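Open the model in your viewer and keep the sequence panel visible. The stops below are given in the order in which to select them.

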Amino acid sequence: TLKKLMADNGKAYRDLEAKGARLQQGLEEVFSKKRIPHKISRIGSAYCVYFADHIPVDWHDLLASHNFDFDKRYRRALIDRGIFHFPLPCKQGSISLAHTWDDIEKTIEITKQVVEVI
């Protein structure tokens with residue numbers, strides 16, 4: 001694993017960052033177009049979508065600001081369409097080295113479909 005991560009002077013990390021940035025951009029475009037309140041917290045390939053007007057600073061803030069009902073329906077609809085996003089609200093999503101650029105674009109496209117029906 002370490003050899004793969006360090007190959008080509010850390011190219012794997014650069015690729016994960018690029019895929020994470022593309023996914024964030026695509027999701028933000030989808031949610032913004034539908035005027036769905038959201039914020040995405042992302043570090044590299046790890047991200048979390050909050051259905052709120054800000055990134056929560058603690059558990060109490062999360063409970064007060066996050067739309068848990070929408071989050072639950074969103075994740076369920078993604079799973080129903082073949083995109084596994086851990087089925088508990090506010091759980092982190094992750095991009096791995098196994099994910100391709102096509103996977104990122106498919107996730108964005110399916111998210112577009114999902115927000116039309118939930």
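**Stop 1: a helix residue**

Select Thr111, which is buried, with a relative accessible area of 0%. Keep in mind throughout that this is a predicted model. Thr111 belongs to helix 4, which covers residues 101–117. Now show what surrounds Thr111: apart from neighbours within four places in sequence, it is in contact with Leu27, Val30, Phe31, Tyr74 and Leu78.

**Stop 2: the sheet**

Next, display the strands. They include an open sheet of 3 strands in the order 1-2-3, with antiparallel pairing. Strand 1 (39–43) and strand 3 are at the edges with a single partner strand each, so each has one side without a neighbour in the sheet.

Select strand 1 together with strand 2 (residues 46–50); this antiparallel pair is joined over 5 bridges. Two of the facing positions are worth labelling. Ser41 has Cys48 of strand 2 as its bridge partner, and Ile43 is opposite Ala46, also in strand 2. Then move to the turn: the hairpin of strand 1 and strand 2 has 2 residues between the strands, and Gly44 takes a positive phi near 60° there.

Is strand 2 mostly covered or mostly open? Mostly covered, as 4 of its 5 residues are buried.

On to the pairing with strand 3: strand 2 and strand 3 run antiparallel and are joined by 2 bridges. Select Ala46 again to find Ser94 of strand 3 opposite. Ala46 therefore faces Ile43 as well as Ser94, and strands of a sheet pair through backbone hydrogen bonds.

**Stop 3: two cysteines**

Select Cys48 and Cys90. How many disulfides does the structure hold? The count is 0. The closest cysteine sulfur to that of Cys48 is in Cys90, at 5.5 Å, which is too far for a bond; a disulfide here would need the two sulfur atoms within 2.5 Å. Check the surroundings of both residues. Cys48 counts as buried at 7% relative accessibility, and Cys90 is buried as well, with a relative accessible area of 16%.

**Stop 4: a surface patch**

Finally, switch on the surface and select Phe84, Phe86 and Leu88. These residues form a nonpolar patch on the surface, with about 320 Å² of accessible area together. Centre the view on Phe86, in the loop between helix 3 (68–80) and strand 3 (93–94). Phe86 is partly exposed, with a relative accessible area of 37%.

Notes
Residues are numbered from 1 along each chain as its sequence is written. This is a predicted model: local features need pLDDT of at least 70, side-chain atom pairs count only at pLDDT 80 or more; totals for chains, interfaces and linings use all residues. Side-chain values use heavy atoms; hydrogens and water are left out. Buried means under 20% relative accessible area, exposed over 50%, partly exposed in between (1.4 Å probe, protein chains only). Contact means heavy atoms within 4.5 Å. Patches are made of residues with over 30% relative accessible area and no salt bridge: like charges are joined within 9 Å, nonpolar side chains (Val, Leu, Ile, Met, Phe, Trp, Tyr) within 5 Å. Accessible areas come from the Shrake-Rupley method with a 1.4 Å probe; for residues, only the protein chains shown count as cover. A salt bridge is a side-chain nitrogen of Lys or Arg within 4 Å of a carboxyl oxygen of Asp or Glu. Two strands pair if DSSP finds at least two bridges between them.
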